[in-house]
Amino acid sequence: ALTELSSTGDKTAKKYAEKALVKLSSATAPAAAPAAAPGKKKLSIEELVARVRDGDTAKKVAAAEKLGDRAADGAEACAAIVQAGGIGPLIDLARNGSGMGKQWAAYALSELSARGFSSNIFEAGGIGLPVELARSGGEDAREWAAQALGYLAHLADASKAIKEAGGVGALIELVRSGTAGAQIAAWALGNLAGHGLAYCTAIRQAGGEQALTELSSTGDKTAKKYAEKALVKLSSATAPAAAPAAAPGKKKLSIEELVARVRDGDTAKKVAAAEKLGDRAADGAEACAAIVQAGGIGPLIDLARNGSGMGKQWAAYALSELSARGFSSNIFEAGGIGLPVELARSGGEDAREWAAQALGYLAHLADASKAIKEAGGVGALIELVRSGTAGAQIAAWALGNLAGHGLAYCTAIRQAGGEQALTELSS
């Protein structure tokens, strides 16, 4: 299945398939084989930051990619990168490096922004840079720059700086590009639009409403979803900021109230509250911690297991956003392994995609990886790689994370036909 994805998938799917295949090919000897040659030890975050800052071109590129991978592991690794002074060198590489240096530095910065460190990037003066890369970087760099801008757009001051730096126009150009970055740019524009009339007016005047409308009718399922959400925000901001307050009962629900609705509400309230919890979780680690503190993981797992079709979909979305921001261990401790495996195999298209994302982050944990393998997760992910849906690339990434745990996992992936599927996807 991974072989198929490597030949038939889009650029992002091919990248994840190729990375998974590299891990499979490197695990051909028993676990007790001799240690790797000297110099092949895993570099510390401090060493990687030093290479990004002081290395030659090749070392800068490789170290930036590895810092992005480490940042994807969760908030703890991100905090270590920030503590080691990594943001400044990454911004410098993204601004002045080679083409590949810019690409991987943008990747690392986007992963940091996705896990609650947007403010650190903003404070380091990193607004003009992602705007520039979103407009004129390579395809991957544009995509990752748009992701960074989308998370930065959760901050009011950063949103103002994005607008003043020409970020609205850069994102609209990316929406029109037809690349994988279009859906991320649509999501980022939606986040900007959430700040009110001035932002919505800027988006409309730059042709954003037309671009989003076109994407909502011609894009894939995920692109349509983000474009439609952005258009809803644009259409709701038609009156001046001083317009009368919303009608009673329309106040923004607290995280505690949303968790209560997921747990005790009727079907419609459970569905709506789960979607909103997913959106809150996407805001960053602070909101995720509040969801966990409010006891939200158990009700979300229950809804994903026993809810309606839409309930399962949005609960899987919320759980995947929590896992993406360093809360995989909380989901694992709540017994949430069998559930995402089941949804990755037999859920609706969106639920399968988000379940695969949750499994991919859970696969960073050794105990959770073992549980995924024992629960049949390898086979479920390979089926998703073969599906041809947007979830295929996420499943390839998740299989790569499992393969990183060594020979037993690589053997299980091979025996289930994963190497062939990945190879096809990568080519």
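**Salt bridges, cores and empty spaces in the predicted model**

Eight salt bridges are present in the structure, each defined as a side-chain nitrogen of Lys or Arg within 4 Å of a carboxyl oxygen of Asp or Glu. The model is predicted, so local features need pLDDT of at least 70 and side-chain atom pairs count only at pLDDT 80 or more, whereas totals for chains, interfaces and linings use all residues. Residues are numbered from 1 along each chain as its sequence is written, and side-chain values use heavy atoms, with hydrogens and water left out.

One of the salt bridges pairs Glu-173 with Arg-135, whose closest N and O atoms are 3.8 Å apart. Glu-173 belongs to helix 12 (residues 167-176) and Arg-135 to helix 9 (residues 128-136), so the pair ties together parts that are 38 residues apart in sequence. Helices here are DSSP runs of H or I with at least four residues, strands are runs of E with at least two, and both are numbered from the N terminus. Glu-173 is partly exposed at a relative accessible area of 38%, and Arg-135 is partly exposed at 35%; buried stands for under 20% relative accessible area, exposed for over 50% and partly exposed for what lies in between, with a 1.4 Å probe and protein chains only.

Arg-263 and Asp-264 also form a salt bridge through their side chains, at 3.1 Å from N to O. Of these partners, Arg-263 is partly exposed, at 45%, whereas Asp-264 counts as exposed, at 56%. A further salt bridge joins the side chains of Arg-414 and Glu-419, at 3.5 Å from N to O. Both ends count as partly exposed, with relative accessibility of 26% for Arg-414 and 30% for Glu-419. In addition, Lys-229, Glu-275 and Asp-279 are joined into one network by salt bridges that share partners.

Disulfides, taken as pairs of cysteine sulfur atoms within 2.5 Å, number zero in this structure. For Cys-78, the closest cysteine sulfur is that of Cys-288, and at 12 Å it is too far for a bond. Cys-78 is buried, with a relative accessible area of 0%, and Cys-410 is buried with 0% as well.

Attention now turns to the nonpolar interior. A nonpolar core is a set of buried Ala, Val, Leu, Ile, Met, Phe, Trp, Tyr and Cys residues joined through side-chain atoms within 4.5 Å. The largest one holds 69 residues, of which Leu-67, Leu-90, Leu-109, Leu-112, Leu-189, Leu-192 and Leu-212 touch the most other members. Helix 13 (residues 181-193) gives the most to this core, contributing nine residues. A second, separate core has 68 residues, including Val-262, Tyr-317, Ala-368 and Leu-425.

With contact meaning heavy atoms within 4.5 Å, and residues up to four places away in sequence not counted, Leu-109 touches Ile-87, Leu-90, Ile-91, Ala-94, Ile-121 and Leu-129. Ile-162, found in helix 11 (residues 156-164), counts as buried at 0% relative accessibility. Under the sequence limit of four places, Ile-162 touches Ile-127, Leu-149, Leu-152, Ala-153, Gly-167, Val-168 and Leu-192. Ile-162 and Pro-130 are 32 residues apart in sequence, with their C-alpha atoms 9.1 Å apart in space.

Helix 23 (residues 338-346) has Leu-339, Pro-340, Val-341, Leu-343 and Ala-344 buried. The cover over these buried residues includes helix 20 (297-306), helix 21 (309-324), helix 24 (349-362) and helix 26 (377-385).

Empty space was searched on a 1 Å grid over the protein atoms alone: a cavity is a set of points where a 1.4 Å probe fits but cannot get out, a pocket is an open set with protein on both sides within 12 Å along at least five of seven lines, and lining residues have an atom within 4 Å of a point. Grid points are joined across faces, edges and corners, and a volume is the space filled by probe spheres set on the points. Two cavities of 30 Å³ or more are present, and the largest has a volume of about 80 Å³. Of the 14 residues lining the largest cavity, Ala-106, Leu-109, Leu-129, Pro-130 and Ala-148 lie nearest its centre. At least two lining residues come from each of helix 6 (87-96), helix 7 (99-114), helix 9 and helix 10 (139-152), with helix 10 supplying the largest share, four residues.

The second largest pocket encloses about 220 Å³ of space. Its lining includes Ser-113, Tyr-151, His-154, Asp-283 and Glu-286. Helix 8 (118-123) and helix 19 (285-293) each supply at least two residues of that lining, and helix 19 gives the most, with three.
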